[in-house]
Every structure is written in structure tokens, then in C-alpha cells.
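Got the model open in your viewer? Keep the selection tool handy, and we'll walk through it one stop at a time.

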Amino acid sequence: MEIKNYINGKFTAPASGEYLDNINPSMGKPYGKIPDSDGRDVAMAVSAAKMAFPEWSRTPRNKRGEYLVKIAEGIEAKLDFLAKAESKDNGKPVSLAKSIDIPRAAKNFRFYGTAIMHAHSQSHYMEEGAINYTLKQPIGVAGCISPWNLPLYLFSWKIAPALAAGNTVVAKPSEITPATAFLLSEICKEIGLPPGVLNIVHGLGQKVGQAITEHPEVPVISFTGGTLTGAGIAQTAAPMFKKLSLELGGKNPNIIFADCKFEDMLDTTLRSSFANQGQICLCGSRILVERSIYNRFKEAFVARTRELKVGPPNKEDSDLGAIVSRPHFEKIQSYINLAKEEGGSILTGGKAIKMSGEFKEGYYLEPTIIEGLDQACRTNQEEIFGPVVTLQAFDTEEEALAMANSTRFGLASTVWTQDLSRAHRMGEALHAGIVWVNTWLLRDLRTPFGGVKDSGMGREGGFEALDFFTEPKNICIKYR
Ligand code: TXE
């Protein structure tokens with residue numbers, strides 16, 4: 001697949017004329033090229049977005065919404081093709097791309113294509129004979145930078161609200177998974193999105209991402225990715241007083257009380273532990289189990305994990321596919337070695353899997369369960385972002401909370417209990433932006449999404465995202 005930038009409605013080569021290999025992780029081999037863009041391409045994209053902003057921001061919101069709904073329809077019409085492309089680029093099973101990633105990308109555009117029709121603001125009457133009203137105005141050129149784990153799903157979740165709110169966009173997908181972002185630009189072209197409204201620049205984070213972050217005419221940045229990278233972006237953006245949304249890493253606790261509905265919990269815990277090869281910022285990588293059911297859970301969880309099929313992503317029956325890249329494959333393995341050094345014991349998994357035939361150079365890891373580590377060790381403090389979970393037992397609710405809240409992260413938590421009061425108490429006390437009780441990854445797009453502490457700042461989702469991509473202005477009119 002020869003990927004091009006999408007700038008001012010045209011598919012363009014990078015100013016450098018250079019291209020990077022795009023690797024298929026299931027085979028460990030390059031299968032395409034992506035533009036090795038730099039600040040020059042970003043400058044062209046920003047000026048195209050600037051040129052398009054006056055017209056786009058004045059376009060009636062129902063018209064803007066219609067464009068977004070057309071993009072959603074374009075994604076839905078190409079579901080299978082996009083799912084195959086996503087699976088090939090990221091390594092995730094094609095079944096997952098087809099059931100989660102691509103449908104959700106369409107939902108993101110459809111949601112904001114209609115939500116903008118219901119966005120409203122307030123007015124405040126004053127007895128002195130004045131009326132205040134608040135305008136929520138689009139900001140200008142929005143910079144959207146997204147990661148490799150849910151490529152089109154997260155890319156679209158930034159672009160859709162930014163466009164709906166009347167901004168124009170310069171967006172950068174991860175250089176590790178550029179394919180569906182390029183296919184999205186083709187859909188935008190096909191549906192007649194006006195040139196310059198959305199611009200997509202491919203390339204390395206340090207070059208293209210950095211250029212977007214530091215560009216003086218990009219006043220608002222929405223980023224999802226690693227905590228370290230997020231901190232670097234904040235350092236660049238803060239002195240420029242840019243509006244910033246950072247969705248970063250997580251080290252999420254999955255807290256299982258003895259009174260849980262065991263089979264429901266077990267089925268869901270398999271998904272929350274290993275879906276997308278554990279490469280979802282919402283995965284529950286620290287499993288805390290009430291001691292009285294620890295052994296029962298451990299046996300059942302290990303047995304079910306051993307039944308999971310790790311295979312080529314293009315096989316419908318693969319439960320887990322390939323890890324997204326060789327560096328990440330090695331990073332996860334280094335954490336498995338660290339866990340052993342820290343005294344953990346591997347209950348199942350822990351090893352790379354050598355596939356056969358065309359997949360023998362691919363990056364495959366066994367789903368791995370580790371016990372015997374204390375909460376303070378690095379394995380339980382740092383984000384691994386792979387098919388690796390740890391088990392720990394607790395005796396009391398207070399102890400479970402202390403363990404759950406003991407990392408620098410605070411993105412999501414899952415709690416399994418039939419005790420209603422305890423569910424409310426845990427929800428109230430957990431350091432997290434999202435708490436699921438007796439479920440996981442059940443998502444209502446109207447809800448705020450984001451984390452606390454090192455999991456980032458700001459919220460995506462619902463009207464929060466529309467507020468993020470607008471500036472409120474109060475106008476006070478005295479008439480008496
Ligand atoms: O993210 P990066 P990566 C975590 C996970 C993973 C780690 C790094 O632990 O191992 O983050 O993953 C662009 N200025 N999560 O490498 O490096 C980069 O090109 C501007 C959690 O994917 O943060 C890509 O488009 N942009 C996360 C995007 O930032 C820069 C999901 C993310 O890259 C940049 C993914 C810079 N200096 C990883 N450097 C979640 N919370 O969902 C890189 N980029």
C-alpha cells in the first residue's frame with residue numbers, strides 16, 4: 001500500500017521525497033511505505049487548514065454534521081476492507097477489527113455528526129436589565145495525534161468532534177499503523193469533504209508530531225499515546241498556552257470480590273486481560289482477588305487462558321494476533337523477564353510463539369499470568385501494554401482500594417461485586433476516570449472519557465469533546 005499525505009484535499013508525496021517501511025507485524029516484514037514527512041509538510045497542512053477555517057466554521061452545523069455522517073457511511077460501506085487493513089497493519093485479529101475498531105470509528109463520526117445539532121450554551125438574565133449569553137466558538141486549526149493500538153477508532157475520535165465543532169484539522173496517525181488513516185482520507189475525498197478541512201500528515205512522532213505540537217498556528221492539541229510522550233508534548237505546548245488534551249497510559253486494577261457472579265466475571269476478565277493482545281489503555285492488567293476465592297479464580301483463569309488461540313490475525317478463529325511491532329514485542333518480553341527477577345512466578349505463558357510458514361517472522365506472545373509479586377514492584381507499577389497480567393490477593397475492601405490506588409496512573413478500574421453499596425463506595429474512592437462495575441469496555445459515547453494522575457488530563461467523549469474543541473465567550477448586553 002503506497003500511502004500519501006492528504007493535504008488541501010490532495011494526495012501528496014512528502015517534501016523530503018523519502019518513505020519509511022510499513023511493517024506487517026504478523027509476518028515481521030515490510031508490506032508498504034509511508035511518507036517520511038517533516039515540518040515542511042506540516043506547514044503546508046496548517047496553511048491549508050487555516051485557509052479552510054473561515055468557510056468551514058461558518059458552515060451551518062447541520063451541514064457540517066451531514067459531512068460527518070457521510071464519512072460514517074463511507075466507513076460502514078468499507079467495513080470488511082478497512083477491518084482487513086487494520087488487522088494487517090496492527091496485528092490484531094481481523095474479528096476484533098471487524099467487531100470493535102471499524103464499527104466504532106463509524107460510530108464516532110455518526111455521533112458527532114448528530115451531537116453538534118444538540119450542542120447548546122447558556123444565557124444569564126440580570127435584574128439590572130442585562131442579558132448574558134455564552135458563545136462556544138470553534139478555535140481554529142486543531143492538531144490531532146493518535147497511537148497505534150486502536151488506530152482508526154482513536155484517530156476518528158479526535159477528528160470527528162474537532163470538525164463537528166467547526167475547527168479544521170491537521171492529524172497525525174501513528175507511523176506504526178498508518179493504513180486506515182490513509183483509507184479514511186480516501187473516503188473524505190470521495191464524499192466531497194471541502195479541501196483543507198481535514199489534513200493528514202504521515203511520519204515520525206519526533207518530526208511530524210513535534211512540528212504539529214510546536215506550530216504557532218495550531219492552538220489546540222489532542223493527543224493519545226504514552227505518558228512520557230504526553231509529558232514532552234505538554235512541555236512544548238504549555239509555554240505557548242495551547243489548549244491540550246492528553247489521553248495517556250494506564251495500569252488498571254481489576255478488583256474481584258468473592259460475591260461476584262463468577263462465570264460473568266471470568267468471561268469478561270479474559271477479555272479485559274488479553275483483548276487486542278493487552279494493547280488497550282483500558283485493559284485490567286492488575287487483577288486483585290478476594291483471598292477466599294483466589295485459588296478458585298486462579299485455577300479457572302489459568303485454564304481458560306490456556307484455551308485462548310494465538311494465531312495469524314487474518315484467521316477468523318484467532319483470539320490473539322501479533323504484537324504491533326518488534327520494539328514493543330521486545331519491550332513486553334523485557335517486562336516478563338523483569339517480573340521473574342522481581343520474584344514473580346509465571347502461572348501460564350511468558351514465552352514468544354514461533355508461527356510457521358509466512359508468519360514465522362511475526363511477533364507473537366503467549367497470554368501470560370504472573371503471581372507472587374508485591375504491589376510496589378516495577379512490574380505492578382509500570383504500564384506493560386501487552387498480554388501480561390499479575391494476580392494479587394486482598395482481604396478487605398480497604399486493602400483492595402489501597403492496592404488499586406497505589407500506582408501513578410488513574411485511567412480505568414473494574415470492580416466485580418453484587419454488593420450495591422460496596423460498588424458505590426469503590427466507585428467513589430478509586431483513582432480513575434472510568435469505573436466499570438460487573439462489566440468492562442461497555443461504552444456510552446455520551447460519557448466523559450479520560451484519566452487522572454499520569455493517565456493524562458482533559459476528557460474526550462460526549463459534549464466534553466465539543467467543549468474542548470471550542471472556546472466559551474460570555475457576551476453581556478445591557479438594555480435598560
Ligand atoms: O506511543 P507514543 P506509542 C502507551 C504504551 C506504549 C507507549 C508508547 O505503553 O508502549 O504508550 O506507545 C506520536 N511529539 N500507549 O509508541 O510514542 C507518535 O508518532 C508529538 C498507551 O504508540 O506516545 C504517535 O502518533 N507526537 C496509549 C503518537 O504520538 C509524538 C495507546 C503516540 O506515540 C512524539 C498507545 C512527539 N515528540 C500507547 N513522539 C493509550 N493511552 O491508549 C511520538 N509522537
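**Stop one: the ligand**

How far is a backbone N or O atom of Ser146 from an oxygen atom of the ligand? Select both and check: the distance comes out at 2.7 Å. Before going on, keep in mind that this is a predicted model, so treat each distance on this tour as a value computed from predicted coordinates.

Stay with the ligand and add Trp148 to your selection. Here a polar side-chain atom is what faces a ligand oxygen, at 2.5 Å. Now pick Gly205, where a backbone N or O atom lies 3.4 Å from an oxygen atom of the ligand. How much of the ligand does the protein bury? Taken alone, the ligand exposes 800 Å², and 87% of that is buried by the protein.

Next, show the residues around the ligand. There are 27 of them, and those that come nearest are Trp148, Glu175, Leu248, Lys331 and Glu383. Trp148 is thus on that nearest list and also supplies the side-chain contact at 2.5 Å.

If you have a pocket-finding tool running, look at its top hit: the largest pocket is the space taken by the ligand. Which elements give two or more residues to the shell around the ligand? Colour these four: α7 (205-214), β10 (220-224), α8 (227-237) and α11 (326-341). Linger on α7, which gives the largest share of the shell, 4 residues.

**Stop two: the cysteines**

Clear the selection and pick the cysteines. How many disulfides does the structure hold? The count is 0. As a reminder, a disulfide is a covalent bond between the sulfur atoms of two cysteines.

Try Cys188. Its nearest cysteine sulfur belongs to Cys144 and is 12 Å away, and Cys188 is in no disulfide. Because a disulfide needs two cysteine sulfur atoms within 2.5 Å, a gap of 12 Å rules out that pairing for Cys188. Cys188 counts as buried because its relative accessibility is 0%.

Then go to Cys377. This one is in no disulfide either, and the nearest cysteine sulfur, on Cys283, is 19 Å away. Is Cys377 buried or exposed? With a relative accessible area of 9%, Cys377 is buried.

**Stop three: two unusual phi angles**

Most residues other than glycine have a negative phi. The next two picks go the other way.

Select Phe385: phi is positive here, about 65°, although this is not a glycine. You'll find Phe385 in the loop between β15 (368-371) and β16 (388-394). Its relative accessible area is 15%, so Phe385 is buried.

Now jump to Asn438, where phi is also positive, about 60°, and again the residue is not a glycine. Asn438 sits in the loop between β18 (434-437) and β19 (456-457). Asn438 is partly exposed, with a relative accessible area of 31%.

**Stop four: pairs separated along the chain**

For this last stretch, turn on the distance tool and work from C-alpha to C-alpha.

Start with Met1, in the segment before β1 (5-7). Met1 is partly exposed, at 34% relative accessible area. Draw a line to Lys33: these two are 32 residues apart along the chain, and their C-alpha atoms are separated by 6.7 Å.

Move to Lys70 in helix α2 (residues 61-77). Lys70 has a relative accessibility of 35% and counts as partly exposed. Which distance separates the C-alpha atoms of Lys70 and Ile191? The answer is 6.5 Å, for residues 121 apart along the chain.

Now select Ile477, found in strand β20 (residues 470-478). Its relative accessible area is 38%, so Ile477 is partly exposed. Tyr133 is 344 residues away along the chain, and the two C-alpha atoms are separated by 8.5 Å.

Finish at Phe109, in helix α4 (residues 94-115). Phe109 is buried, with a relative accessible area of 0%. Measure across to Pro387: the pair is 278 residues apart in sequence and 30 Å apart in space, C-alpha to C-alpha.

Note on methods: Residues numbered from 1 in each chain as written. Predicted model: local features only at pLDDT ≥ 70, side-chain atom pairs only at ≥ 80, totals over all residues. Heavy atoms only, no water. Buried < 20%, exposed > 50% of the residue type's maximum accessible area, 1.4 Å probe, protein only. Near = heavy atom within 4 Å. Polar contact = N/O pair within 3.5 Å; in protein donor to acceptor, adjacent residues only side chain to side chain. Areas by Shrake-Rupley, 256 points an atom, 1.4 Å probe, with all protein chains shown as cover. 1 Å grid on protein atoms, 1.4 Å probe; cavity = no way out; pocket = protein on both sides within 12 Å on 5 of 7 lines; lining within 4 Å. Sits in = over half its atoms within 2 Å of the grid points.
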